[in-house]
Amino acid sequence: MSWHRKRRHKADAGTDTRTDTRSGGQQRGQERSGQHAGQRTGQRARRNEKNAVIPYAVFIGMPGSGKTRIGREVANLLGIRFYDSDEEIERIEDMRIAEIFETRGEAEFRAVECDVIAGFVRADRAYRSRSQSSDTSSRTRHSQRPPRIPRSHIHFEGILSLGGGAPMNAQTQENLRHYARMGGQVIYLNAEPEEAIEHATRSGTRPLLKHNPHKVWMDLYDQRHETYAQLATFTLPTHGKTPRQAANTVIDVLDESIIHVSGASPEYDVHIGINTMQHLPDLLGDPSSKDGAVRVALIHTESVQRHSDKARAILRRTGYEVTEIVIPDAEEGKTLRVVSDVWDQLGELGFTRSDAIVGLGGGAATDVAGFIAATWLRGIRYVNCPTSLLAMVDASTGGKTGINTEAGKNLVGSFYTPVGVLADVDTLRTLSPRIFTEGLGEVVKAGFISDQSILRIIEKHADMLRTLDPAHITDEQMNIIIELISRSVRVKERHVSTDLKEKGLREFLNYGHTLGHAIEKMEHFTWRHGEAVAVGMIYAAELAEIHGIVDRDFVDYTRDILESVGLPTTWSTLSEALGPDATDAQMEDFEDRVLEIMHRDKKARGRMLRFVVVDEIGHARRLEDPSEDSVIEALHRLAS
Ligand SMILES: NC(=O)c1ccc[n+]([C@@H]2O[C@H](COP(=O)([O-])OP(=O)(O)OC[C@H]3O[C@@H](n4cnc5c(N)ncnc54)[C@H](O)[C@@H]3O)[C@@H](O)[C@H]2O)c1
Ligand SMILES: O=C(O)C(=O)C[C@@H](O)[C@H](O)[C@H](O)COP(=O)(O)O
C-alpha cells in the first residue's frame with residue numbers, strides 16, 4: 001500500500017486529522033499540498049511564520065550503510081527533499097569535507113557538523129528564533145531544557161542523512177533525543193560489514209577510511225554501534241534488502257501513527273500502522289548487549305499463528321532465543337491454570353530478569369501475557385502486539401493485566417506497563433466479521449466518553465463498518481479504521497496517562513462495563529466482550545435517563561449508533577427472564593444474580609454500586625449509589 005494512495009484516501013475520510021500525536025502521514029500531507037515545499041531559503045533557516053520545521057526522518061549509521069542511497073530513495077518515493085549533512089556543511093563552509101579535515105582538523109569539523117545538524121533537528125531553535133532577540137535565542141540554543149513547543153506547531157519536511165561520526169558528539173546526541181521526543185524518527189541503518197566497507201571505500205573520498213579501511217571501519221563500528229542503537233527510534237538491518245525495499249520499510253515506519261503514553265514507568269509508545277512488529281528489536285534491546293533481552297517468550301493463541309510466525313522471524317533474525325507458548329483461545333486463556341503452566345515453562349527455560357515476554361493476539365491473550373510478565377520474577381519486560389480491533393483500541397494500552405476467577409471477570413491482576421505496543425493493522429485482515437464488529441463496541445465507548453468525532457466518523461461510515469469483510473479491507477477502508485483506532489487509543493492514553501491506577505478519571509473507560517461484565521459472566525463468555533459492553537452502554541444510558549441526567553433522545557441515539565454497526569442492543573436471556581411470561585420468582589432470581597455480579601465490579605465500594613454514565617456526548621461522570629429500584633428499573637427497560 002503506497003503512501004500516495006493512502007494519503008488520498010485519508011482526505012476522503014473527511015475528518016479532522018490534525019492531532020498532537022506523531023503521525024508522519026498526516027504531516028506529509030501538508031508538505032505535499034505545497035505548504036512547505038521549497039520554503040527553505042537561508043542556510044539553516046527552515047521555518048515559516050507559524051511553525052517550527054524538522055525532517056520526517058534522520059538517517060544514522062556507519063559509512064557505506066546506505067544513508068544517502070536509501071534516504072534519497074525514501075525522499076523520491078514521497079516526493080520530498082533530501083538533505084545530507086555533509087553536503088550542507090560543504091555548501092555552508094564552501095569547502096570539501098576532506099579539506100576541512102586537513103586544514104582545520106577533525107574537532108573543528110565536528111563543531112560545525114553539530115551546529116548544522118542542530119539547525120535541522122532542534123525545533124525549539126527554529127521556533128524561538130522567530131520571537132526572541134538574537135541574544136536570547138543564542139542562550140536558548142545551548143539550554144539543556146528547551147522550551148516546550150506544542151506538537152501542533154511542528155511541521156515535518158524532508159529527509160536528513162548524517163555523517164557516520166556525527167551521532168558520537170554529545171550535543172548532537174542530546175539534539176537527536178530531543179528531536180525524537182518531538183516526533184522525529186531516527187533511523188539506524190545497520191548494514192552487513194563487508195557490504196558497507198565495499199560501498200564506503202568505492203569512491204575513495206572518505207578521509208577516515210584512507211588507510212587500512214577494513215580495520216578502521218570495524219573499530220569504528222565497535223565504538224559506534226551501541227550509540228547508534230540507543231539513539232535510534234527504529235533500527236533497520238539492511239542486509240538482503242534493495243534500496244527500494246529498505247525505503248519502503250522506512251515509509252511504513254513514517255506512516256505510523258504513534259501515541260505516547262506517559263504517567264507510567266516506563267513511558268511508552270503505541271505504534272499503529274503496517275509492519276509495526278518491526279520495532280520489536282528496538283523495544284527488547286540488543287541481545288548481545290548487557291541490557292538487552294536474550295530469551296523471548298512469544299505468548300499467543302493458535303488463531304494468530306501466522307502473525308506469530310512473522311514476529312518470531314523478526315526476533316530470530318535479530319538473535320533472540322525465541323520460545324513460542326500457545327495458550328487456549330479467548331477467555332479460556334485467562335485462567336490461573338494457564339498462568340501457572342506458563343510460569344512452569346519460564347522456569348524450565350531459565351527466564352531471567354533481562355528476558356522478555358511478547359503477548360500477541362486479542363485482548364484476552366494480551367491481558368494474560370501481561371499478567372505473566374508482571375508476575376514472573378515480580379516483573380519482566382513485555383511488549384503487546386494486539387491483533388484484534390478491540391485489543392488495538394483498548395486492551396493493549398494502559399497496563400491493565402489480569403485473569404478471570406470463578407467469581408467474575410478480571411478479578412485478579414495488576415497494573416503493569418508494557419515497554420511498547422505494536423498494533424500491526426494488517427493483522428486485522430484475518431479477523432472474522434463478528435470479532436471485528438465487537439471491537440467497535442469499545443470504539444463507540446471511547447466516542448461517548450471523550451471524543452464525539454469518533455461517533456461522527458461511525459455515523460458517516462456505518463454501512464461500510466457493518467458490512468466489512470476484514471479479509472478484503474480496501475485502502476480507503478483501512479484509513480478510516482486506522483483513524484478510529486488512533487482516536488480511540490488517544491482517548492485511552494488521556495485517561496491512563498493521568499490516572500494509571502484508576503483512582504479517578506480512568507474509571508470512565510469502564511463505561512458500559514458494569515452490566516457488560518455481568519452479561520459475559522452470565523452467558524458463560526459466549527458473548528464477546530465488545531458485544532456485552534454495547535448492551536451495557538444502553539443500560540447505563542437508561543439508568544442515566546431514570547436519574548434525569550440525559551433525555552430519551554440520548555438513549556435512542558445510543559441504541560441507534562450501536563445497531564447501525566451491527567452490535568447487539570438487546571439481551572435475549574434478560575428478555576426471557578424479565579418478560580411477560582416470567583414468574584415473580586424467576587424475575588427476582590435473575591435480578592439478584594445480575595446485582596450480585598455487579599456488586600463485584602471493581603468500581604463498587606462496600607455495599608455501594610457506582611456506575612459511569614455519560615451526561616452529554618463526549619463527557620462522562622459517575623453515578624454513585626443509585627437506588628436499587630432504579631438499577632432494577634433500568635434492567636427491565638432492556639427487556640424487549
Ligand atoms: N486490559 C484492558 O484494558 C482491556 C480492555 C478491553 C478489553 N480487555 C479484555 O480483552 C478481551 C477481549 O478482547 P478481544 O475482543 O480481542 O477478544 P479475544 O482476545 O478473545 O479475541 C477474540 C478472538 O479473535 C481471535 N483473534 C484475535 N486476533 C485475531 C486475528 N488477527 N485473526 C484471527 N483471529 C484473531 C482470538 O484468538 C479470539 O478467538 C476481554 O478479555 C476483555 O476483558 C482488556
Ligand atoms: O482500561 C481500563 O481502565 C478499562 O476499564 C478498559 C475496559 O474497556 C476494559 O474492558 C478493562 O479490562 C476493564 O477493566 P476492569 O477493571 O473493569 O476489569
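Which helices each supply at least two residues of the shell around ligand 2? They are α17 (433-449) and α20 (513-522). What follows is a quick tour of a predicted model, taking the two ligands in turn and then a few local features of the chain. Both ligands sit between domain 2 (259-430) and domain 3 (489-639), because each of those domains gives residues to the shell around ligand 1 and to the shell around ligand 2.

**Ligand 2**

- The shell here holds 13 residues, and the ones that come nearest are Asp394, Lys400, Lys492, Arg506 and Lys602.
- Sorted by class, that shell has 7 charged residues, 5 polar ones and 1 nonpolar one.
- Lysines turn up in the polar contacts: a polar side-chain atom of Lys400 is 2.8 Å from an oxygen atom of ligand 2, and a side-chain N or O atom of Lys492 is also 2.8 Å from an oxygen atom of the ligand.
- Lys445 joins in too, with an N or O atom of its side chain 3.0 Å from an oxygen atom of ligand 2.
- How much of ligand 2 does the protein bury? On its own the ligand exposes 430 Å², and 92% of that is buried by the protein.

**Ligand 1**

- Around ligand 1 there are 29 residues, with Ser303, Asp329, Ser388, Lys409 and Glu438 coming nearest.
- By class, the breakdown is 11 charged, 11 polar and 7 nonpolar residues.
- For secondary structure, look to α15 (363-375), α16 (389-395), β16 (408-415) and α17, each of which supplies at least two residues of this shell.
- So far as α17 goes, that helix serves the shell of ligand 1 as well as the shell of ligand 2.
- On the oxygen side, a polar backbone atom of Gly363 lies 2.8 Å from an oxygen atom of ligand 1, while an N or O atom in the side chain of Thr301 is 3.3 Å from an oxygen atom of the ligand.
- Thr430 takes a nitrogen instead: one of its polar side-chain atoms is 2.6 Å from a nitrogen atom of ligand 1.
- Taken alone, ligand 1 exposes 860 Å², of which the protein buries 93%.

**Salt bridges and helix α17**

- The salt bridge count comes to 44.
- One of these pairs Lys445 with Glu442, whose side chains meet at 2.9 Å, N to O.
- Both partners belong to helix α17, where they are 3 residues apart, about one turn of the helix.
- Lys445 is worth a second look, then: its side chain has that salt bridge with Glu442 and also the 3.0 Å approach to an oxygen atom of ligand 2.

**A UniProt span**

- An unreviewed UniProt entry lists residues 325-436 as "domain: 3-dehydroquinate synthase N-terminal".
- In the model, that span is 34% helix and 30% strand, and its end C-alpha atoms are 25 Å apart.

**Backbone oddities**

- Most residues other than glycine have a negative phi, and most peptide bonds are trans.
- Which peptide bond is cis? The one from Ser265 to Pro266, with omega near 0 degrees.
- Pro266 sits in the loop between β9 (257-261) and β10 (268-273).
- Leu377 is not a glycine, yet has a positive phi of about 55 degrees.
- You'll find Leu377 in the loop between α15 and β14 (381-386).

Conventions:
Residues are numbered from 1 along each chain as its sequence is written. Chains are lettered from A and ligands numbered from 1 in the order in which they are written. This is a predicted model: local features need pLDDT of at least 70, side-chain atom pairs count only at pLDDT 80 or more; totals for chains, interfaces and linings use all residues. Side-chain values use heavy atoms; hydrogens and water are left out. A residue is near a molecule or strand if one of its heavy atoms lies within 4 Å of it. A polar contact is a pair of N or O atoms within 3.5 Å; within protein, one must be able to donate a hydrogen and the other to accept it, and residues adjacent in sequence count only if both atoms are side-chain atoms. Accessible areas come from the Shrake-Rupley method with a 1.4 Å probe; for residues, only the protein chains shown count as cover. Helices (H or I, at least four residues) and strands (E, at least two) are DSSP runs, numbered from the N terminus. Ala, Val, Leu, Ile, Met, Phe, Trp, Tyr, Cys and Pro count as nonpolar, Asp, Glu, Lys and Arg as charged, and the others, Gly among them, as polar. Domain bounds come from an automatic or database domain assignment. UniProt positions are given in the numbering used here, feature names are shortened, and annotations may be inferred rather than shown by experiment. A salt bridge is a side-chain nitrogen of Lys or Arg within 4 Å of a carboxyl oxygen of Asp or Glu.
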